[in-house]
Amino acid sequence: MSAALSYPVPALKPNTRARAQILILEPDLAVLDYLRSTLGSRYSLSLFSDEQTLLERLDKAEQPDLLLLALHTNRDPLPLLTHIRCTKPNLAVVVLSCSAELRDLEMVIRLGVRAIVMKPFTGSDVEQAIEEHLASAEKKIPVADALKEIPLNETHSFVRSSKRMRELEAQAALVARADIPLLILGESGTGKEILALYTHKMSARSQNIFLKVNCAAVPADLLESELFGYEQGAFTGAVKTKPGKFEVCTGGTIFLDEIGEMPAILQAKLLQVLQDGTFSRLGSRSPMKVDVRVIAATNINMKEAMANKTFREDLYYRLNGFTLSIPPLRERREEIPVLSEYFMRKGAKRYGRDPLPFSPNLLNALSEHSWPGNLRELENVVNRYLVLGEERSIVDELSPSTVYQGGAATPTAAQETPSGAGLKAMVRNLKGDAESTAIAQVLEGTGWNRKAAANDLQISYKALLYKIKQYDLSPRNNHAS
């Protein structure tokens, strides 16, 4: 049976905005009737209980403002959703799902749905998703490269400006509502904890606790008691019962950082928690039940870890309800100026200083650096700039092959290329040797008067001290040729 019911739009008063046209596909007629009674007074609705009737309506009539699409686990949702996204790429879709463990949830999100609303509906879930879309559509603000800073707590914010990170933000917001395990992949320093905290803040658990456990920082023999607690007398020194992180975090989110470093014996225990929400304290045989969402993160190659038998394959697939991969900073260089300004404001507030400006020369050095430490390294560099109060040492640090000259960075002379090394290493060694030789020659010429040498080199005194330490220069260690 199909239902294609449209409700007439009442005559509009002058300056009154037309009601949004919303199509709803919901095979369950009871739910369809509920949506009609809930939304019918605010929006112009067209209701459908079968796919074919909906597709005919989309082909023949004007595109609506929004499509509410109910998905069920007893049928494959991808063909319908893929067809709609291909034929109507600009049509906004909100998914209504009856399962938090929808098998194809990852693909559904990748297909670009605007929101996922879980059944049974609570409060104004559906209305809120509709209004969020209509509000953003009405503003018509291009958001691909817009700066967005979302405060998460007193010290951390989620900051992004690139299209790639905007897509990551949207995916995290969708996954947050589904309340499934989440695995975050990315190099060290890319902001995995920030993304985990953002996901928690966007979830229904946002008012409850968020706990972080670094699996690599806690000794293996202590990690079990840290996560699951222990009973009195469980081991020498256990003078009283202590609850673990999972107990403390019940109702909230636990973030397991560096999950790839977790010992094998604990991987089995974590798998049990993810499967049925139960575990036992160390020294106890009585199982305990907890309601905790698990977000895990790692910078290792999980496929290699499973192949090497250092990480359980069944735990990986249980953790991998959805995977978010954070690109390294070198792959989103367009965000470096934005992130630098953010870290400057954050550091100035922390250290009680006035923020410093970024000159074109400094921004160029920041943008050209490879950032092996990613965001963590960038924040440290910005803080050093803020504390030192001048930029020349920072430019020298980021570009060791250059000498700062009156606001410009100039390459130094190169020497004979050594053999037996990779090209990058050879170039790095060449630049370092040439720079250390030049600095040593000037220092010898000034009788190791560092201030005079810094003036002759046209670099700051602090930058010269940094270079002397970097190249281990001394009056007795003559590097001049």
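In which handed sense does H6 pass H7? The crossing is right-handed. Keep in mind as you look around that this is a predicted model.

**Two helix pairs**

The axes of H6 and H7 come within 8 Å and cross at roughly 45°, and the two helices are therefore oblique to each other. On the H6 side, Leu-168, Glu-169, Ala-172, Ala-173 and Ala-176 make the contact, meeting Leu-195, Tyr-198 and Thr-199 of H7. By class, this contact has 6 nonpolar, 1 polar and 1 charged residues.

Further along the chain, H18 (residues 450-457) packs against H19 (residues 461-470). Their angle of about 105° makes H18 roughly perpendicular to H19. Here Arg-450, Lys-451, Ala-453, Ala-454 and Leu-457 of H18 meet Tyr-461, Leu-464, Leu-465 and Ile-468 of H19. The contact has 7 nonpolar, no polar and 2 charged residues.

| Pair | Angle | Axis distance |
|---|---|---|
| H6 and H7 | roughly 45° | within 8 Å |
| H18 and H19 | about 105° | 9 Å |

**The second largest pocket**

H6 and H7 turn up again here. The second largest pocket has a volume of about 980 Å³, and 39 residues line it. Closest to its centre are His-156, Ile-194, Phe-343, Lys-346 and Glu-379. Among the elements that give two or more residues to the lining are helix H6 (163-178), helix H7 (192-201), helix H15 (374-388) and strand E10 (210-214). Which helix gives the most to this lining? That is H13, with 8 residues. By class, the lining has 12 nonpolar, 12 polar and 15 charged residues.

Methods
Residues numbered from 1 in each chain as written. Predicted model: local features only at pLDDT ≥ 70, side-chain atom pairs only at ≥ 80, totals over all residues. Heavy atoms only, no water. 1 Å grid on protein atoms, 1.4 Å probe; cavity = no way out; pocket = protein on both sides within 12 Å on 5 of 7 lines; lining within 4 Å. Points joined across faces, edges and corners; volume = space filled by probe spheres on them. Helix = DSSP H or I, 4+ residues; strand = E, 2+ residues; numbered from the N terminus. Nonpolar A, V, L, I, M, F, W, Y, C, P; charged D, E, K, R; others polar. Axes fitted to C-alpha atoms, helices over the stretch in contact; angles between N-to-C directions. Parallel < 35°, antiparallel > 145°, perpendicular 65-115°, else oblique. Contact = heavy atoms within 4.5 Å. Left-handed = near helix turned anticlockwise from the far one by under 90°.
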